[in-house]
Amino acid sequence: MRPILMKGHERPLTFLKYNREGDLLFSCAKDHTPTVWFADNGERLGTYRGHNGAVWCCDVSRDSMRLITGSADQTVKLWNVQTGAQLYSFNFDSPARAVDFSVGDKLAVITTDPFMGLPSTIQVKRIAKDPSEQTGDSVLTITGPQGRINRAVWGPLNKTIISGGEDAVLRIWDSETGQLLKESNNETGHQKTITSLSKSADGSHFLSGSLDKSAKLWDIRTLTLIKTYVTERPVNAVAISPLLDHVVIGGGQDASHVTTTDRRAGKFEAKFFHKILQEEIGGVKGHFGPINALAFNPDGRSFSSGGEDGYVRLHHFDPEYFNIKM
Amino acid sequence: MAEVVSMADIEATALRLGIDISSVDLDAIQIPPGEDFGIKSDDDEDLYQEDGFEMEAGFGNIIVVDNLPVVPPEKFEKLENVVRKIYSQIGVIKDGGLWMPVNPETQKTLGYCFIEYNTPQEAELAREKTNGYKLDKSHIFSVNLFDDFEKYMKVPDEWTPAEIKPYTPGENLQQWLTDEKARDQFVIRAATFTEVFWNDPRQMMPDLVYRRQYWTEAFVQWSPLGTYLATVHRQGAAVWGGATTFNRLMRYAHPQVKLIDFSPGEKYLITYSSHEPSNPRDTHRVVLNIFDVRTGKVMRDFKGNADEFTTGGSGGVSGVSWPVFRWGGGKEDKYFARIGKNVISVYETETFTLIDKKSLKVENVVDFSWSPTDPILALFVPELGGGNQPARVSLVQIPGKEELRQKNLFSVSDCKMYWQSNGEYLAVKVDRYTKTKKSTYTGFELFRIKERDIPIEVLELDNKNDKIVAFAWEPKGHRFAVIHGDNPRPDISFYSMRTAHNTGRVSKLATLKSKQANALYWSPAGRFILLAGLKGFNGQLEFYNVDELETMATGEHFMATDIEWDPTGRYVATSVTSVHEMENGFHIWSFNGKLLYRIPKDHFYQFLWRPRPPSFLTAEKEEEISKNLKKYSKKYELEDQDVSLLLSEQERKRRNMLLDEWDAWIQNCKRLHEEESELRRQLRDGEASDEEEEYEAKEVEVEEILDVKEEVVPFDLDQME
């Protein structure tokens, strides 16, 4: 089916997130306003105004009531999804990068960038049920990894936190003590900056994308490498289909390196791979710039991609997609 | 560098261990193969490298001048000044680098002196230029490099006959040709690795033969018959080969070698280097060595400044058009030639001297080329005297130097010569000025070399103002292809030198209109041609059958920079080399345009098919085979089928295995997930988590009144009518 082009952002997209029911799609961009859309027809529902910098990441609670956003304006904000009202603002001394609600939505993991001599951190905040009781105290602060930590997500039962970033190492931390439990090694791990992490629907494995032009599938409990998907492009975004054994990988050369006029030159395609066979299934073209964000609808029947070009493209799969034989 | 252990240390260690060092027979110690205990031996590459360094840091830059006059102290200064004057013209003498020893008893000089230059190149040059310099009748300089003394000292006084080693049969260097599956090899260079592969189209992937990191410091090159792979290093070049792997067969010392070139029969290797002069006003110094490939012996060297090697031809690498020496006379490697000012110097390889001891004098010659098969030179001389003396192309027979054919051409701006690979035809592309002299147009002069009197035919394109983008002869054939046209999508025309009724006339076969192509690649077997749009056309490919005059397939290798047919004409490789940052790697296609496999490689520098020597089959036998192709191909088709069945069976098994593995793993995960279900429910304050993943989508319509406004709408009666 023809994709639905959603033009609402003035700057490159950074992140996309569906709510649990898959009827709402939240988008973050380098402009300062996260936006919510109807995931079905691409109609814009509203925006969340208040950030004063690029918004890098967001997460929505299981009941679709709360939105959490992390921004370069050194704050992480909680929003009322329905009204767009700001509920709370966590203040940091450096730009916030990744945010993720835990199972049960009582905790959130936040990463902050290295800034003005401060190291990058992974912090855990308690999210109060009643916003008026919300405090800014951190339950846990982890430091150590060099460079930005581009993504941090919760492991099974909130017992661990998985992080990945500029030092190309995936790490699993104990979310109680902050102790480093496991890290990927040079041999199987990524060679360059890890740009994205995406968990499977059941949370048993996750996919990491890296500028080393590959994406890797890992066991979330043991951090064993299961699969590797190789492309010709640096990978900016990855997603795992909740329905079929497919993964989608997006990226492209850095916008500053795009010199040719031909838009194929950058290969700004979302590439589908068979998750188990590691074979390429096909590609979805369209963006005029690298793909920065990818997300599957929880029903697996549509996905959306966000590009450096400022567009969100919403794709509903054709019936043939569900009959692809490998 | 290995740690240096002094003899004293060894003795101390020996004493400590209670070993009588004098009783140890050092020669009896055998080191296990492949283990050097950190001790460098002559065979080690890095020691070899160090040699080169030592040359520069050692005494390579010192010369000894002998046969100077013996003078008393009062004339010492005068002599020193004379010597200094002579030698400072050649290069920069180091401070205090001129030393004339004096006999302490007589206070007279000893008749020789030492001169130290800044670089070994200057010293070398000084030796070359002043050895035999006549200061006066009785004082003729004898100049030597200081380093050479040592060499001469070592010459034994008594002659001993050379030891004749028993003959040891070498490896079969042509082993790769006997591959059971008749596959071809290629070499690629990507990042720091150089790898040789079999092209295995049946398996749809390459099959590694040999891989080595830092194999070469600049590039690799196959010899023309495929026997050797040449690598280039700071200290010189090396060739590799062997029956099953790649061993170093020979090294050719030539410091800072930049370019290499094999003779067509791969008997000789020419190496080239250019050295920056110490004085920036001087020109670069060029050194060329011609080696015998098998013995590694220098057969002849040429040294001089770059100017001497740049005449004629349009400047290539650092001002020199490469190859400086062009080989002719077919595969026998009999002659080689280079162009100079008003001369073409033709050498023969029996003595490595000029034929008849003199060069071929041709006023103002700017370009020449050899016939690929015969000792015939084609030369081009441009117009002289403002058009009074016409330009001309002539064919000269070697070694007789008689002119076989000549053609005068008028108002010529440029000429290019294209030989057909069998040396049967020569096409000369002539750019002529129009009457106004403001623009040029192009025509072709076609020479039929093998016919009596070498008839020449003139060919002009239908639209003679068309610019010629590319020209290519069909290998071993009678046809050629031309890309012509001024618009962004040029036309491609095919011509034949033969026609059914009218032999001896060139005729047009077909013209393809507005194609996205700017390069022509004939299959080495002829008949098929790949029309390629490189650079601006982003890698458009069209596989064309010239026999049937039809397109077999079109394809694209986005951003492709290089294309090469395998030597048999069965496969084509298209590659994107590191001139582009992205897309690096190569694709292998069948001759008819089917993409067989793709290999992405970052920092991709080179792709080269291993050439094959010409077939030993006679033309008749080849004809017979191609006539009865069905009979011969049956066997191979069956093999192909077997392989493809086996492959699909293997593939099916592999997939099933992967799927089974995954299933087992995911089942385990599911079990864990279920076990944790209760814990998850607790985390969610008792909300049933997993079963509730299923939800129901209900459409609820909600009407919300946002605002109510009353407005009086004017009602215009006139509009009713």
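## Strand pairing, cores and local backbone features of chains A and B

B:F543 stands opposite B:A553, a residue of strand β38(B). In this predicted model, the two strands concerned are β37 (residues 540-545) of chain B and β38(B), which run antiparallel and are joined by 6 bridges. Both strands belong to an open sheet of 4 strands in chain B, arranged in the order β35-β36-β37-β38 with antiparallel pairing. The edges of the sheet are formed by β35 (519-522) and β38 (550-556) of chain B, each of which pairs on one side only. On average, neighbouring strands of the sheet are turned by 20° against each other when direction is ignored. Strands of a sheet pair through backbone hydrogen bonds, in either a parallel or an antiparallel sense.

A further antiparallel pair in chain B consists of strand β29 (residues 440-448) and β30(B), linked over 5 bridges. Within this pair, B:L446 is placed opposite B:E457 of β30(B). The side chains of β30 (residues 456-460) of chain B alternate along the strand. B:E457 and B:L459 point to one face and are buried, whereas B:I456, B:V458 and B:E460 point to the other face and are not buried. One of the buried side chains is thus a glutamate, B:E457.

The two chains were also described as wholes. Chain A contains 0 helices and 28 strands, while chain B contains 8 helices and 43 strands. Of the 326 residues in chain A, 60% are buried; for the 721 residues of chain B, the buried share is 40%. Contacts between residues distant in sequence were then considered. In chain A, 43% of the contacts between residues at least 6 apart in sequence join residues at least 24 apart. In chain B, residues 24 or more positions apart account for 46% of the contacts with a separation of 6 or more.

For chain A, the unreviewed UniProt entry lists residues 6-47, 48-89, 142-183, 187-228 and 284-314 under "repeat: WD". One of these spans, residues 284-314 of chain A, is 55% strand and 0% helix, and its end C-alpha atoms lie 11 Å apart.

The largest nonpolar core comprises 26 residues, of which A:F26, A:Y48, A:L67, A:I68, A:V76 and A:V81 touch the most other members. Two or more residues are contributed to this core by each of β3 (24-29), β6 (55-60), β7 (66-71), β8 (75-80), β10 (96-101) and β11 (107-112) of chain A. The largest share, 5 residues, is given by β6(A). When neighbours within four places in sequence are left aside, A:Y48 is in contact with A:F26, A:H32, A:T33, A:P34, A:V36, A:L67, A:W79, A:N80, A:V81 and A:G84. A second core, separate from the one described above, has 21 residues and includes B:L68, B:L125, B:V143 and B:L145.

Cysteine residues were examined next. Over all chains, the structure holds 0 disulfides. The cysteine sulfur nearest to that of A:C28 belongs to A:C58 and is 3.5 Å away, and A:C28 is in no disulfide. This pair does not count as a disulfide because the two sulfur atoms would have to lie within 2.5 Å of each other. A:C28 counts as buried because its relative accessibility is 0%, below the cut-off of 20%. B:C113 is likewise buried, its relative accessible area being 0%.

Several loops show particular backbone features. In chain B, the peptide bond that joins B:I398 and B:P399 is cis, with omega at about 5°. B:P399 is located in the loop between β25 (391-397) and β26 (403-409) of chain B. Positive phi values were found in residues other than glycine, among them A:Q278, for which phi is near 65°. A:Q278 occupies the loop between β24 (270-274) and β25 (280-284) of chain A and counts as partly exposed, since its relative accessibility is 31%. For B:D356, another residue other than glycine, phi is also positive, near 55°. B:D356 lies in the loop between β21 (353-354) and β22 (360-361) of chain B. With a relative accessible area of 51%, B:D356 is exposed, because the cut-off for an exposed residue is a value over 50%.

Technical notes:
Residues numbered from 1 in each chain as written. Chains lettered and ligands numbered in written order. Predicted model: local features only at pLDDT ≥ 70, side-chain atom pairs only at ≥ 80, totals over all residues. Heavy atoms only, no water. Buried < 20%, exposed > 50% of the residue type's maximum accessible area, 1.4 Å probe, protein only. Pairing = 2+ DSSP bridges. Axes fitted to C-alpha atoms, helices over the stretch in contact; angles between N-to-C directions. UniProt positions renumbered as here; feature names shortened; annotations may be inferred. Core = buried A, V, L, I, M, F, W, Y, C linked by side-chain atoms within 4.5 Å. Contact = heavy atoms within 4.5 Å.
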